[in-house]
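Trainee: Got a minute to go through a model with me? I'd like to start with the overall layout and then look at the details.

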Amino acid sequence: MKYPLLPLIISICLISCNNTELEKLNRKISSLEKQNDSLINIISKSELEKAKNTQLYLIPKTFELKSNKANIIEGILSEIQEYPEFELHYYNEANIYDDSNKIEYEKTGDNKFEFEYIPKENSANQEIKVVVIYKVNNSKINLFGITNAPVK
């Protein structure tokens, strides 16, 4: 054999190359595990904050509760957060609105607002239909809402 040490040198190179790659992979795994732990902590804190910033609304399914009978109450959880600016309009049965139906409102909190409503007729029940219009990133998002209230 002309070069008796050649197989030994090749083996050592391969092993050392594999060890170097293995060390790199171990460092990468360790780094990813630390990032994963950090992200888990961030998500846990986020969920805690979300729970702390939640309101509970209880809405009876009927205007009048029946004595000694089961009545259905709906619960709605709503996260308190600051929402982007929006327009508020009345809309009709066909879900149509325009600038003539625009409502002046007052923000009373990060996720609350108030507006005045004057019923135009005396009816047993008055439907109030409004739409919140967000204009975000060249998109328009409509949130339609409706409520009923008796008029005296």
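Trainee: What does the secondary structure of the chain come to?
Mentor: One helix and seven strands. Helices (H or I, at least four residues) and strands (E, at least two) are DSSP runs, numbered from the N terminus. Along the sequence the pattern reads α-β-β-β-β-β-β-β.

Trainee: Anything I should know about the source?
Mentor: This is a predicted model, where local features need pLDDT of at least 70, side-chain atom pairs count only at pLDDT 80 or more, and totals for chains, interfaces and linings use all residues. Residues are numbered from 1 along each chain as its sequence is written, and side-chain values use heavy atoms, with hydrogens and water left out.

Trainee: Which strands form the open sheet, and in what order?
Mentor: S3-S6-S7, with antiparallel pairing. Two strands pair if DSSP finds at least two bridges between them.

Trainee: Why is one side of S3 and of S7 left without a neighbour in the sheet?
Mentor: Strand S3 (86-90) and strand S7 (139-149) are at the edges and have a single partner strand each, so one side of each lacks a neighbour in the sheet.

Trainee: How many bridges join S6 to S7?
Mentor: Eleven, with S6 covering residues 126-136 and the two strands running antiparallel. Tyr134 is opposite Ile141 in S7, and Glu127 has Asn148 in S7 as its bridge partner.

Trainee: And what links S6 and S7?
Mentor: They form a hairpin with two residues between them. Asn137, in the turn, has a positive phi of about 50°.

Trainee: Switching topic. Which residues make up the largest nonpolar core?
Mentor: There are seven: Phe86, Leu88, Ile103, Ile128, Val130, Val132 and Tyr134. Such a core is a set of buried Ala, Val, Leu, Ile, Met, Phe, Trp, Tyr and Cys residues joined through side-chain atoms within 4.5 Å. Buried means under 20% relative accessible area, with a 1.4 Å probe and protein chains only.

Trainee: Which strand gives the most to this core?
Mentor: S6, with four residues. S3 and S6 each supply at least two.

Trainee: What does Ile128 touch?
Mentor: Leaving out residues up to four places away in sequence, Ile128 touches Tyr90, Phe115, Tyr117, Gly145, Ile146 and Thr147. Contact means heavy atoms within 4.5 Å.

Trainee: How much of the chain is buried?
Mentor: Buried residues make up 12% of the 152 residues.

Note on methods. Buried < 20%, exposed > 50% of the residue type's maximum accessible area, 1.4 Å probe, protein only.
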